[in-house]
Amino acid sequence: VGGSGKQSLTRLASFIAGYKTFQITLTRSYNANNLLEDLKYLYRVAGQQGKGISFIFTDQEIKDEGFLEYMNNVLSSGEVSNLFARDEVDEICQELIPVMKREFPRRPPTPENLYDYFLSRARQNLHVVLCFSPVGEKFRNRS
């Protein structure tokens, strides 16, 4: 139901928890590549920097039904396959070596362990909030 305060409550709860909030800015040319760039930003904040962030995603922001597939991947497994290029993954892992050594001193900093650590931090710190209106045909068709 529109106007019930879903986004406002999310922003309030995020502020109380000390999290940043993020919402995509739709433009006429916004497409799946833009969404993937926004997801990269979210994963870098949550997984690489280790900061809590809430991603507010509304039904008005679904320009392409393929967006829901990416959201499903984030929510079900916490990972979007091939989101980062190999060199970006290497860069992220290099920055996480001292952080992981501090938190898990006995765990060897292999590329696999570092990437798993990155994903676990992202899962822990990234909060996806779906603000969909249950009124209308589109919601029934998507569910």
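In this predicted model, Glu88 forms a salt bridge with Arg44, and the closest N and O atoms of the two residues are 3.9 Å apart. Because Glu88 belongs to helix H4 and Arg44 to helix H2, this pair ties together parts of the chain that are 44 residues apart in sequence. A search of the whole structure finds 5 salt bridges, and the points below describe several of these contacts before turning to the strands.

**Contacts between helix H2 and helix H4**

- Glu88 also takes part in a salt bridge with Lys40, where the closest N and O atoms are 3.2 Å apart.
- Lys40 sits in helix H2, which covers residues 32–48, while Glu88 sits in helix H4, which covers residues 86–103, so this pair ties together parts that are 48 residues apart in sequence.
- The salt bridges also form a network, in which Glu37, Lys40, Arg44, Glu88 and Glu91 are linked.

**Burial of the residues in these contacts**

- Lys40 has a relative accessibility of 14% and therefore counts as buried, since the cut-off for a buried residue is under 20% relative accessible area.
- Glu88, with a relative accessible area of 18%, is buried by the cut-off of under 20%.
- Arg44 is buried as well, so that in the salt bridge between Glu88 and Arg44 both partners are buried.

**A contact within helix H4**

- Arg86 forms a salt bridge with Asp90, and here the closest N and O atoms are 3.3 Å apart.
- Arg86 and Asp90 are separated by about one helical turn, because they are 4 residues apart in helix H4.
- Arg86 counts as exposed because its relative accessibility is 55%, and the cut-off for an exposed residue is over 50%.
- Asp90, the partner of Arg86 in this salt bridge, has a relative accessible area of 36% and is partly exposed.

**The strands and the path of the chain**

- Strand S1, made up of residues 20–23, pairs with strand S2, made up of residues 53–58, and the two run in the parallel sense over 4 bridges.
- Within this pairing, Lys20 has Ile53 in S2 as its bridge partner.
- The chain passes from S1 through H2 to S2, and this β-α-β crossover is right-handed.
- Helix H2, through which the chain crosses between the strands, is also the helix that holds Lys40 and Arg44, two residues of the salt-bridge network.

Terms used:
Residues numbered from 1 in each chain as written. Predicted model: local features only at pLDDT ≥ 70, side-chain atom pairs only at ≥ 80, totals over all residues. Heavy atoms only, no water. Salt bridge = Lys/Arg side-chain N within 4 Å of Asp/Glu carboxyl O. Buried < 20%, exposed > 50% of the residue type's maximum accessible area, 1.4 Å probe, protein only. Pairing = 2+ DSSP bridges. Right-handed = clockwise from strand over helix to strand, strands pointing away.
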